[in-house]
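Here are my notes on the model you sent. They are set out as numbered points, to be read beside the coordinates.

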Amino acid sequence: MTAPVNIQMTVNGEAVSCAVAPRETLADFLRQGLELTGTHTGCEMGVCGACLVVLDGQVVHSCLTFAVQADGSVIETIEGLNDRSVIADIQEAFHARNALQCGFCTSGVLMTAHSLLSQPGVPSREQIRDALSGNYCRCTGYEAIVDAIESVARDRAAAPAARQIEEAGA
Amino acid sequence: MKARAFSYARPTTVVEALETFATSGADASYIAGGQSLVPALALRLQAPELLIDIAHIPSLRGIELQGRWLRIGALTRHCEALTDPLIARHAPLLREAAPFVAHPAIRNKGTLGGSVALADPASEFPAMMLAMGAELEIAGSDGNRRVPADDFFIELFQTAIEPGELLVAIHVPVVGPRHRLAFDELARRRGDYAIVGAGLLAEFNGDCIQSIRAAFFSVGNTPLRAMTVEGVLTGRNLDRTAIAEAQAALADDLAPPDDEHTPAAVRLHLARVLLGRLLGKLMVAA
């Protein structure tokens, strides 16, 4: 039987309980079921990176996961990262350096940047490019994206204490 | 780009998974990370009536040293091959190959067991099973058996795993202080499928190669060992002459197909270039 299956998960800190068709991808469930349309569907085959979300602490393609597989998981979308203000400095750097144009890829790129910059140390430009190898951007040519991520990495490394104080107050 | 409708089962033991498959009428697929299967479903290259999600079976997890073998649970993810200390120490070829496998987000979900069971001839990990002399543990209705990698890869996307059976673990002979290894691939862009790639694992006695396994991928319907090359190098001191002879012998091992992007002669040439580079790495790795 292909009847809907009941699933429960935590999305952006909120408990969600829903019935989904087994073939429904997590991307479609987030966008249509929960109206979290910041997660974009581009290629729907794991190539373009527009649909990246955090699933149980790791960035994955929501188009390559069926919602039923994510039953019991903790998920954070770009809306969640935005609302927690954990990527505010990355967003500002993207704005300042024109690291987006049409914006379709941006939520996925921000996911990758967030994941990369959550690791210790300042990544080299080559490491930034390698991390972005699964994100397609057809507007910028990537140079400004790499610039923005690099500048945030340096700023965070230069002022970790200030950042912690700021976060604690926020 | 949407999968055909299917049913979904989530067993919690291997026995339950095998039974679920057995009662499905065979139109079922196991799914673990799904990083190859879900695109195939989205493109409707496959359209099973039942997906059996094996990602929640605890016995398929974990990495454990068992004497001279490292047991790597089938659900071990590609990203763990990059970071796990046991893999880095005892099965370092996997660590070397992992950065070349797809992109970071794919590596966060794709599993080693899934990659080996799929046996994509252009994939890194299946070929490394050959290079490492790994054994693949398969669960079936008659219990578990271990199949040497040399007998595992049969034809294009076809392995020793019979329908309904499940790859549960990868067993890798641990490397010792006299082992040297090298991995590399040639691809147009990082993360793309390789035009050609290879991994070498050799045991040295001083400067003399005591034994060597050389496995290539993206050169035919399955990953391939270059047995003639291995024969040329075994028992010899690794020097420029030996490398040149090994490169010349590669034509006896590989007969890559022509395709629209890469003529066979180009692929064979690139395989020789790669072999030379990798042997050069072994030479200076002492």
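1. Which residue takes a positive phi in the hairpin of strand 4 of chain B and strand 5 of chain B? The model is a predicted one, and in it the residue is Gly67(B), with phi near 65 degrees. Two residues lie between the strands of this hairpin.

2. The strands of that hairpin are residues 63-66 and residues 69-73 of chain B. They run antiparallel and are joined by four bridges. Within the pairing, Leu65(B) of chain B has Leu70(B), in strand 5, as its bridge partner.

3. Positive phi also turns up at residues other than glycine. Ser85(A) is not a glycine, yet its phi is positive, about 65 degrees. Ser85(A) sits in the loop that links helix 2 (78-83) to helix 3 (88-96) in chain A. Ser85(A) counts as exposed because it has 12 C-beta neighbours inside 10 Å, and the cut-off for exposed is 12 or fewer.

4. Ala119(B), likewise not a glycine, has a positive phi of about 60 degrees. Its place is the loop between helix 7 (112-118) and helix 8 (124-132) of chain B. Here the C-beta count inside 10 Å is 24, so Ala119(B) is classed as buried; the threshold for buried is 20 or more.

5. Helix 3 of chain A, which follows the loop holding Ser85(A), packs against helix 6 (residues 143-158) of chain A. The angle is about 135 degrees and the axes are 9 Å apart. The pair is therefore oblique. The crossing of helix 3 and helix 6 of chain A is right-handed. Helix 3 of chain A contributes Asp89(A), Ile90(A), Ala93(A) and Phe94(A) to the contact, while helix 6 of chain A contributes Ala148(A), Ser151(A), Val152(A) and Asp155(A).

6. The largest nonpolar core holds 144 residues. Met129(B), Leu200(B) and Phe216(B) are the residues with the most contacts inside this core. Leaving aside residues up to four places away in sequence, Met129(B) touches Val116(B), Ala134(B), Leu136(B), Ala149(B), Phe152(B) and Ile170(B). Of these names, Met129(B) falls in helix 8 (124-132) of chain B and Val116(B) in helix 7 (112-118) of chain B.

7. Between the chains, 23 residues of chain A are in contact with 25 residues of chain B. On the chain A side, strand 4 (58-61) and helix 5 (125-131) each supply at least two of the residues that touch chain B. Strand 4 of chain A gives the largest share of that side, four residues.

Methods
Residues numbered from 1 in each chain as written. Chains lettered and ligands numbered in written order. Predicted model: local features only at pLDDT ≥ 70, side-chain atom pairs only at ≥ 80, totals over all residues. Pairing = 2+ DSSP bridges. Core = buried A, V, L, I, M, F, W, Y, C linked by C-beta atoms within 7 Å. Contact = placed C-beta atoms within 7 Å. Axes fitted to C-alpha atoms, helices over the stretch in contact; angles between N-to-C directions. Parallel < 35°, antiparallel > 145°, perpendicular 65-115°, else oblique. Left-handed = near helix turned anticlockwise from the far one by under 90°.
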